[in-house]
Amino acid sequence: MILMKIKVLGLAAALIIALSGCTTPTQPSGTLSIVVSHYPYAYLAQAIGGDLVTVTNLTQPGAEPHDLELTTRQVAQIATSDLMIYQAGLQPAVEAAVNEVEPSYPLEVTNIVPLRSHTPDGNPDPHIWLDPAQMITIAESITAALIEIDPENEHIYADQLTVLATTLTLLDSSYSTGLAACERQEFLTSHAAFGYLADRYKLTQIAISGLSPDAEPSPERIAEIHQLAQQYGLTTVFFETLSSPDLAEIIASDLGMRTDVLDPIEGITSASRGTNYPQVMESNLDALREANGCL
């Protein structure tokens, strides 16, 4: 944390020039500047703000959000933003920058949706955006923030929230219906990113490793995974677009199972099965239905 503090202090010293203006070269004049920590909140902010906002995502496509380091320019964007949306406990560099430069309107999403644990170690699971109902709750708070900042356009933000909430409600209904009648409720993932999704739709997540996508499972855990896969008749080992599939492929080969992608939607890349949050969530639903033998 001391090293992180030093880094942010060094970056903050470079903000004097940046603070002289409120727009960036890519921000259209007259739009509100929204800076977000990573993709799911960029999706919400853009859907609600539309043409009235310019959304900057600090996490580039294909990058692992947990490992984010900020540039001087990104810290300046946080400092000069009209609205800064981020999540505590996920990206230390973002939290340190927000605390240091104090943007005018910080919106920290775990104050809206408190984190829960879905693993035996009790660590809070940060992947709240994989529950569409929680995304609606966060979207409502983003809308309230935009209306407070820009009350003249309240009706636009409210209307666009209605459209977004309808999309997310239909997505939630698709999951509830699509996973209601399945041969099994258990699914096997490379790491424990899908606890909120599992809770929402009465599934059971079995994770090879914990919340960190880079954690190596112990030999004992591998043996336990083999036993659980056979016990529940699992057909598929899921891996993620931003992580290596090697371990999933080894376990699948050992057990005569297949592999498939279950995307935690931390970012959208060319490898994503869709171009936005609803599309990738629908692809995840299709993958779960096939793996779990759903009618």
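Two strands are counted as paired here if DSSP finds at least two bridges between them. The exercises below apply this and similar criteria to a predicted model.

**Exercise 1. Work out how strands β3 and β4 are joined, and where β4 stands in its sheet.**

Step 1. Strand β3 (residues 83–86) is joined to β4 by three bridges, and the two strands run parallel. Because at least two bridges are required for pairing, β3 and β4 satisfy the criterion with their three bridges.

Step 2. One of the residues to look for is Tyr86, whose bridge partner in β4 is Glu108.

Step 3. The sheet to which these strands belong is open and has four strands in the order β2-β1-β3-β4, with parallel pairing. Since β2 and β4 (106–108) stand at the edges and each has a single partner strand, one side of each is left without a neighbour in the sheet. On average, and with direction ignored, neighbouring strands of this sheet are turned by 20 degrees against each other.

Step 4. Helix α3 (residues 39–49) packs on this sheet, where it touches β1 (32–36), β2 and β3, and its direction makes about 175 degrees with that of β2.

**Exercise 2. Describe the surroundings of Asn57.**

Step 1. Asn57 is placed in strand β2 (residues 53–57).

Step 2. Although Asn57 and Val35 are 22 residues apart along the chain, their C-alpha atoms are separated by 6.0 Å.

Step 3. When residues up to four places away in sequence are not counted, Asn57 touches Val36, Ser37, His38, Tyr39 and Ala42.

Step 4. A polar atom of the Asn57 side chain lies 3.0 Å from the backbone nitrogen of Thr59.

**Exercise 3. Classify the crossing of α7 with α6 and with α3, and state which classes of residue make each contact.**

Step 1. Two packed helices are described by the angle between their axes and the distance between the axes.

Step 2. The axes of α6 (residues 132–149) and α7 (residues 154–178) come within 9 Å and cross at roughly 175 degrees. Angles over 145 degrees count as roughly antiparallel, and α6 and α7 are therefore roughly antiparallel to each other. Their contact includes Met135 and Leu146 of α6 as well as Leu161 and Asp172 of α7, and by class it has 13 nonpolar, two polar and three charged residues.

Step 3. The axes of α3 and α7 come within 7 Å and cross at roughly 130 degrees, which makes α3 oblique to α7. This contact is made by Tyr43, Leu44, Ala47, Ile48 and Gly49 of α3 and by Tyr157, Gln160, Leu164, Thr167 and Leu168 of α7; by class, it has seven nonpolar, three polar and no charged residues.

Terms used: Residues are numbered from 1 along each chain as its sequence is written. This is a predicted model: local features need pLDDT of at least 70, side-chain atom pairs count only at pLDDT 80 or more; totals for chains, interfaces and linings use all residues. Side-chain values use heavy atoms; hydrogens and water are left out. Contact means heavy atoms within 4.5 Å. A polar contact is a pair of N or O atoms within 3.5 Å; within protein, one must be able to donate a hydrogen and the other to accept it, and residues adjacent in sequence count only if both atoms are side-chain atoms. Axes are lines fitted to C-alpha atoms, for helices over the stretch in contact, and angles run from 0 to 180 degrees between N-to-C directions. Angles under 35 degrees count as roughly parallel, over 145 as roughly antiparallel, 65 to 115 as roughly perpendicular and the rest as oblique. Ala, Val, Leu, Ile, Met, Phe, Trp, Tyr, Cys and Pro count as nonpolar, Asp, Glu, Lys and Arg as charged, and the others, Gly among them, as polar.
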